[in-house]
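Let's walk through this model together, moving from a single side chain out to the sheet and the core, and then back to a few individual residues. Keep the viewer open as you read.

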Amino acid sequence: MSEEKVYMIIDLDRCWGCKACEVACKQELGLGVGFSPMKIIEVGPREIDGKLQRDFVPTMCQHCSNPACLEVCAYGAISRELDGTVQIADALCIGCGLCLSACPYGAIGLNANKKAVKCTLCVDKRRNFQLPSCVQHCPGRAIKMITENELTESSTKRFRWTTGRMVYVSDKWTRLGNQLDEQ
């Protein structure tokens, strides 16, 4: 796996809320019923240019620039990797839950073994030069993995909002702005 910084770009205009990414994520992480590291949030209906719109926003761990979960983990189970992602070492996690309450996005849960679990951007698949499961299984191609070098090119002339390693882009969500907001 490359040490190049990675980003997940999410095209809000392409997501139709099928939730294939949620299923793929849970299967990849071996999770059953309950917590899902990937969630689709429905927005609307709302009016845009006189027409009713219903939109969907894929949400997951933002792989924050200054992760609150990393700061509260007293056992060193959470780390920032060279590619910029935030990972949890299952072997070091004691399941105390401090990271769950520290995460401002509610993106960390517990697995069946009572260990912390979250989106890893499919680190194991990426080590084998494969795409994350949510990217592979998105029929609308709303989710894409990009490198830092591709970041500007991928979101030029579109409204965007960036937090951590997540970049949300849209042509119609004008409130996203064009700035980088780092968490």
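A good place to start is a polar contact: the side chain of N111 reaches the backbone nitrogen of N113 at 2.9 Å. Bear in mind that what you have on screen is a predicted model. N111 sits in the loop that links β6 (109-110) to β7 (116-117). Is N111 buried or exposed? With a relative accessible area of 17%, N111 falls under the 20% limit and is therefore buried. If you set aside its neighbours within four places in sequence, N111 is in contact with L31, D90 and V117.

How far can you trust the coordinates? The mean pLDDT of the protein chain is 90, and 92% of its residues reach 70 or more. Over residues 179-183, however, the pLDDT is below 50, although this stretch has 18 contacts in the model beyond near neighbours in sequence. Where pLDDT is low, the predicted coordinates should not be read in detail.

Next, turn to the sheet. Four strands form an open sheet in the order β8-β1-β10-β9, and the pairing is mixed. Its edge strands are β8 and β9, each of which pairs on one side only. On average, and ignoring direction, neighbouring strands of this sheet are turned by 25° against each other.

The mixed pairing can be followed from β10. With β1, strand β10 pairs in the parallel sense over four bridges, and M8 stands opposite M166 in β10. With β9 (residues 159-163), strand β10 pairs in the antiparallel sense over five bridges, and here T163 is the residue opposite M166. The hairpin of β9 and β10 has two residues between the strands, and in this hairpin G164 takes a positive phi near 60°.

How many of the five residues of β10 are buried? Five of the five are, so to speak of this strand as mostly covered is fair. In a regular strand the side chains alternate between the two faces of the sheet. In β10, M166, Y168 and S170 point one way while V167 and V169 point the other way, and all are buried.

From the sheet we can move into the nonpolar interior. Which residues touch the most other members of the largest nonpolar core? In this core of 35 residues, they are M8 and I143. The elements that each give two or more residues to the core are β1 (6-11), α1 (20-28), β3 (51-59), β5 (86-88), α5 (133-137), β8 (143-147) and β10 (166-170). Strand β1 gives the most, with three residues. A second, separate core has six residues, among them Y7, I9, I146 and V167.

M8 deserves a closer look. Not counting residues up to four places away in sequence, M8 touches L121, P132, C134, V135, I143, K144, M145, R165, M166 and V167. That list includes I143, the other residue named with M8 for touching the most core members.

Helix α1 also gives residues to the largest core. Its buried residues are C21, E22, A24, C25 and K26. What covers them includes β2 (39-48), α5 and β8. Just after α1, G30 takes a positive phi of about 70°.

Strand β3 is another contributor to that core, and P58 has its place in this strand. The relative accessible area of P58 is 1%, which is under 20%, so P58 counts as buried. Leaving out residues up to four places away in sequence, P58 touches I10, L12, C15, M38, K39, I40, I143 and Y168. P58 and D11 are 47 residues apart in sequence, and their C-alpha atoms are 9.3 Å apart in space.

For a contrasting case, finish with A68, which lies in helix α2 (residues 68-72). A68 has a relative accessible area of 25%; because this value lies between 20% and 50%, A68 is partly exposed. The C-alpha atoms of A68 and K118 are separated by 14 Å, and the two residues are 50 residues apart along the chain.

Key: Residues numbered from 1 in each chain as written. Predicted model: local features only at pLDDT ≥ 70, side-chain atom pairs only at ≥ 80, totals over all residues. Heavy atoms only, no water. Buried < 20%, exposed > 50% of the residue type's maximum accessible area, 1.4 Å probe, protein only. Polar contact = N/O pair within 3.5 Å; in protein donor to acceptor, adjacent residues only side chain to side chain. Contact = heavy atoms within 4.5 Å. Core = buried A, V, L, I, M, F, W, Y, C linked by side-chain atoms within 4.5 Å. Pairing = 2+ DSSP bridges. Axes fitted to C-alpha atoms, helices over the stretch in contact; angles between N-to-C directions. pLDDT = per-residue confidence, 0-100.
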